[in-house]
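Please look over the fold, the surface and the side-chain pairings of this entry. A short report is wanted.

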Amino acid sequence: MAIFDDEPKKKGRPHEIGQDLSLLSVDELSERIGILRDEIARLEAELKTKSTTKSAAEALFRRG
């Protein structure tokens, strides 16, 4: 807890693929798993959106 409001707060390091995980606590590992699951869901949603758009474009050009 910061004694003064103007003290910078500690930020966790972002997850890096391939980094040494042995120094992380169980709570830190669980938090990173949650963050990565959320990111995977976001990536899958974007992939689905792009696939739908691509299919629509391909269908449009096949008609012409």
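The report below goes from the overall fold to individual side chains.

## Overall fold and surface

This is a predicted model. The protein has one helix and zero strands. The helix, α1, covers residues 26-63. Both His15 and Gln19 sit in the segment before it.

Little of the chain is buried: buried residues make up 5% of the 64 residues. The accessible surface comes to about 6,500 Å². Carbon and sulfur atoms account for 59% of that area.

## Gln19 and its partners

Is Gln19 buried or exposed? Gln19 has a relative accessible area of 14%. The cut-off for buried is under 20%, so Gln19 counts as buried.

The side chain of Gln19 takes part in two listed polar contacts. One joins Gln19 to the side chain of Arg32 at 3.2 Å. The other joins Gln19 to the side chain of His15 at 3.5 Å. Gln19 belongs to the segment before α1.

## His15 and the segment before the helix

His15 lies in the segment before α1. Its relative accessible area is 31%, so His15 is partly exposed.

Which residues does His15 touch, leaving out those up to four places away in sequence? They are Leu21, Arg32 and Leu36. Take the pair His15 and Arg32. In sequence they are 17 residues apart. In space their C-alpha atoms are 7.0 Å apart. Arg32 also has the polar contact with Gln19 noted above. Thus His15 touches Arg32, Gln19 makes a polar contact with Arg32, and His15 and Gln19 make a polar contact with each other.

## Salt bridges along the helix

How many salt bridges does the structure hold? The count is three. Side chains of opposite charge can pair when their charged atoms come close.

Start with Arg42 and Glu39. Their closest N and O atoms are 2.7 Å apart. Both residues lie in helix α1, three residues apart, about one turn of the helix. Next is Lys50 with Glu46, where the closest N and O atoms are 3.8 Å apart. Arg62 and Glu58 also meet in a salt bridge, at 3.8 Å from N to O.

Why are Lys50 and Glu46 separated by about one helical turn? Because they are four residues apart in helix α1. The spacing of Arg62 and Glu58 follows the pattern: they are four residues apart in helix α1, and so are separated by about one helical turn.

## Exposure of the charged pairs

The basic partners come out as exposed. Arg42 has 54% relative accessibility and counts as exposed. Lys50, at 54%, is exposed. Arg62 is at 65% and is exposed. The cut-off for exposed is over 50%.

The acidic partners come out as partly exposed. Glu39 has a relative accessible area of 30%, so it is partly exposed. Glu46 stands at 41% and is partly exposed. Glu58, at 37%, is partly exposed.

Read pair by pair, exposed Arg42 bridges to partly exposed Glu39. Exposed Lys50 bridges to partly exposed Glu46. Exposed Arg62 bridges to partly exposed Glu58.

Note on methods: Residues are numbered from 1 along each chain as its sequence is written. This is a predicted model: local features need pLDDT of at least 70, side-chain atom pairs count only at pLDDT 80 or more; totals for chains, interfaces and linings use all residues. Side-chain values use heavy atoms; hydrogens and water are left out. Helices (H or I, at least four residues) and strands (E, at least two) are DSSP runs, numbered from the N terminus. Buried means under 20% relative accessible area, exposed over 50%, partly exposed in between (1.4 Å probe, protein chains only). A polar contact is a pair of N or O atoms within 3.5 Å; within protein, one must be able to donate a hydrogen and the other to accept it, and residues adjacent in sequence count only if both atoms are side-chain atoms. Accessible areas come from the Shrake-Rupley method with a 1.4 Å probe; for residues, only the protein chains shown count as cover. A salt bridge is a side-chain nitrogen of Lys or Arg within 4 Å of a carboxyl oxygen of Asp or Glu. Contact means heavy atoms within 4.5 Å.
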